[in-house]
Amino acid sequence: MASVIDVLRLLQLIFFFYISIVAAIFRKSISFFPNPNRFLSFAKLGDLALSLYFYHCGLSPCTVDLDDQTTVHFWIPKHRRIKRPSLLLIHGFGGNSKWQFYRQVGSLHRNFNLFVPDLVFFGGSYSKGSDRTDVFQARCIGEGMKRLGVNQFSVFGISYGGYVAYRMADIYREEVEKLVIMSCGICFTEEQMAEEMKKVGRDIVEILVPEKPEDLRVLVNRAMYRPSLWFPAFLLQDFINVMYKNHRREKMEMLHHLMHGKSNSDPPPVLNQETLILWGDKDNFFPLFLAHQLSRHLGEKSKVEIIKDAGHAANLESPNLVNRLIKSFILDS
């Protein structure tokens with residue numbers, strides 16, 4: 001018998017299906033204009049809607065100038081509650097922080113003072129410098145938190161954001177209290193990575209930093225276990241233009257360093273924080289064995305929670321379970 005969640009998911013799919021049809025018809029009706037994108041961008045409208053939702057969840061935008069080269073954009077609490085612990089959410093590739101954490105902030109803001117940055121070269125964060133390492137990203141966010149007056153906090157990082165969160169936990173051992181890592185190949189060996197890249201059958205960078213609608217379709221289908229909703233190619237291209245066009249070269253350099261950089265050939269440090277490892281059992285980017293591999297590396301201070309019937313983007317496919325696990329782990333004294 002179908003659950004309430006299944007019914008709601010079906011209604012959501014039907015809603016977005018009809019929205020796609022309406023969008024396609026509208027696009028056709030304005031196609032005679034020289035540059036229809038000047039009149040309407042659905043991705044920008046979606047981004048604005050997400051900003052309004054973040055405002056609704058008690059968050060406000062803030063930019064922190066670290067120096068004359070680097071600026072980090074955050075969503076921070078409008079009013080910090082002294083009795084609530086602070087939680088930092090670090091996104092991965094696939095849009096800015098709003099698109100990746102919109103299914104977390106509604107639940108988590110009730111229990112935590114949330115801090116949601118855009119990684120450098122994503123959203124409103126940028127740098128004139130040449131450093132493309134995950135260590136650089138970790139230091140930028142860590143220094144940003146200091147400038148915001150946050151001295152103790154836990155961190156939740158997904159995918160590439162998991163690498164950054166792990167680096168932060170190592171660099172800021174006194175400040176980072178607990179760590180939650182989701183779907184992140186921190187313990188990937190060069191041999192394992194090469195083997196997985198063969199299975200993909202194409203350059204992974206082209207998928208993670210898409211340039212064409214078909215690239216974005218591949219990204220979504222690999223990130224999600226459940227069949228993704230069909231969107232017209234022009235909507236996908238619109239999303240690419242808004243989310244990936246700016247700083248495209250820098251994003252690609254970040255990935256190249258992550259996969260081929262010398263520092264990543266060394267074993268990752270063993271952390272002193274309690275660590276929760278979340279993983280979708282149908283992850284097509286980072287195989288499930290990497291979750292247990294990381295847990296063995298960290299030892300008894302870590303534990304693994306497997307999310308059934310979820311892919312790489314488990315926080316979007318099973319948000320209620322992910323949010324519940326995060327709250328239980330961090331709030332358990």
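**View 1. Phe93, Phe122, Tyr160 and Tyr163 form a cluster linked by ring pairs.** This is a predicted model, and the close-ups that follow all come from it. Two of the cluster's rings, those of Tyr160 and Tyr163, turn up again in the next view. There, Tyr160 and Tyr163 are among the helix 5 residues that touch helix 4. Counted through the whole chain, the aromatic pairs come to 9.

**View 2. Helix 4 and helix 5 cross at roughly 65°.** Helix 4 covers residues 134-147 and helix 5 covers residues 160-171, and their axes come within 8 Å. An angle from 65 to 115 degrees counts as roughly perpendicular, so helix 4 and helix 5 are roughly perpendicular to each other. The crossing is right-handed. On the helix 4 side, look for Asp134, Val135, Gln137, Ala138, Arg139, Ile141 and Gly142. Facing them from helix 5 are Tyr160, Tyr163, Val164, Arg167, Met168 and Ile171. Sorted by class, this contact has 8 nonpolar, 2 polar and 3 charged residues.

**View 3. Helix 3 packs against helix 13 at an angle of about 50°.** Here residues 97-108 (helix 3) meet residues 319-331 (helix 13), with the two axes 10 Å apart. That angle makes helix 3 oblique to helix 13. This crossing is right-handed. Helix 3 brings Arg103, Gln104, Ser107 and Leu108 to the contact, and helix 13 answers with Pro319, Val322, Asn323, Ile326 and Lys327. The tally for this contact is 4 nonpolar, 3 polar and 2 charged residues.

**View 4. Tyr55 and Trp75 make an edge-to-face ring pair.** The ring centres sit 5.4 Å apart and the planes meet at 85°. Since anything over 60 degrees counts as edge-to-face, the pair gets that label. Tyr55 belongs to helix 2 (residues 42-56), while Trp75 belongs to strand 2 (residues 70-77). The two are 20 residues apart, so to speak bridging distant parts of the chain. Which of the two is buried and which is partly exposed? Trp75 is the buried one, with a relative accessible area of 4%, whereas Tyr55 is partly exposed at 34%.

**View 5. Asp47 is a buried residue in helix 2.** Its relative accessibility is 17%, and the cut-off for buried is under 20%, so Asp47 counts as buried. Leave out residues up to four places away in sequence, and Asp47 touches Asn96, Lys98, Trp99 and Met243. Lys98 and Trp99 fall within the 97-108 stretch of helix 3.

**View 6. Lys83 is exposed in the loop between strand 2 and strand 3.** Strand 3 spans 86-90. Lys83 has a relative accessible area of 86%. Asn113 is 30 residues away from Lys83 along the chain, and the C-alpha atoms of the two are separated by 9.4 Å.

**View 7. Phe286 is buried in the loop between strand 8 and helix 11.** The loop runs between strand 8 (274-280) and helix 11 (289-298). At 13% relative accessibility, Phe286 counts as buried. What does Phe286 contact, leaving aside its neighbours within four places in sequence? The list is Ser159, Tyr163, Ser183, Cys184, Gly185, Phe188, Trp279 and His312. Tyr163 is also a member of the ring cluster in View 1. Ile186 and Phe286 are 100 residues apart in sequence, yet their C-alpha atoms are 9.8 Å apart in space.

**View 8. Ser183 and Asp309 each have a positive phi, although neither is a glycine.** For Ser183, phi is about 50°. Ser183 sits in the loop between strand 7 (176-182) and helix 6 (190-200), and Ser183 is buried, with a relative accessible area of 0%. Ser183 is also one of the contacts of Phe286. For Asp309, phi is near 55°. Asp309 lies in the loop between strand 9 (302-307) and helix 12 (314-317), where Asp309 counts as partly exposed at 38% relative accessibility.

**View 9. The whole chain has 13 helices and 9 strands.** Stepping back from the close-ups, 51% of the 333 residues count as buried. Among contacts with a separation of 6 or more, 73% come from residues 24 or more positions apart.

Note on methods: Residues numbered from 1 in each chain as written. Predicted model: local features only at pLDDT ≥ 70, side-chain atom pairs only at ≥ 80, totals over all residues. Heavy atoms only, no water. Axes fitted to C-alpha atoms, helices over the stretch in contact; angles between N-to-C directions. Helix = DSSP H or I, 4+ residues; strand = E, 2+ residues; numbered from the N terminus. Parallel < 35°, antiparallel > 145°, perpendicular 65-115°, else oblique. Left-handed = near helix turned anticlockwise from the far one by under 90°. Contact = heavy atoms within 4.5 Å. Nonpolar A, V, L, I, M, F, W, Y, C, P; charged D, E, K, R; others polar. Phe/Tyr/Trp six-rings, centres within 6.5 Å; stacked < 30°, edge-to-face > 60°. Buried < 20%, exposed > 50% of the residue type's maximum accessible area, 1.4 Å probe, protein only.
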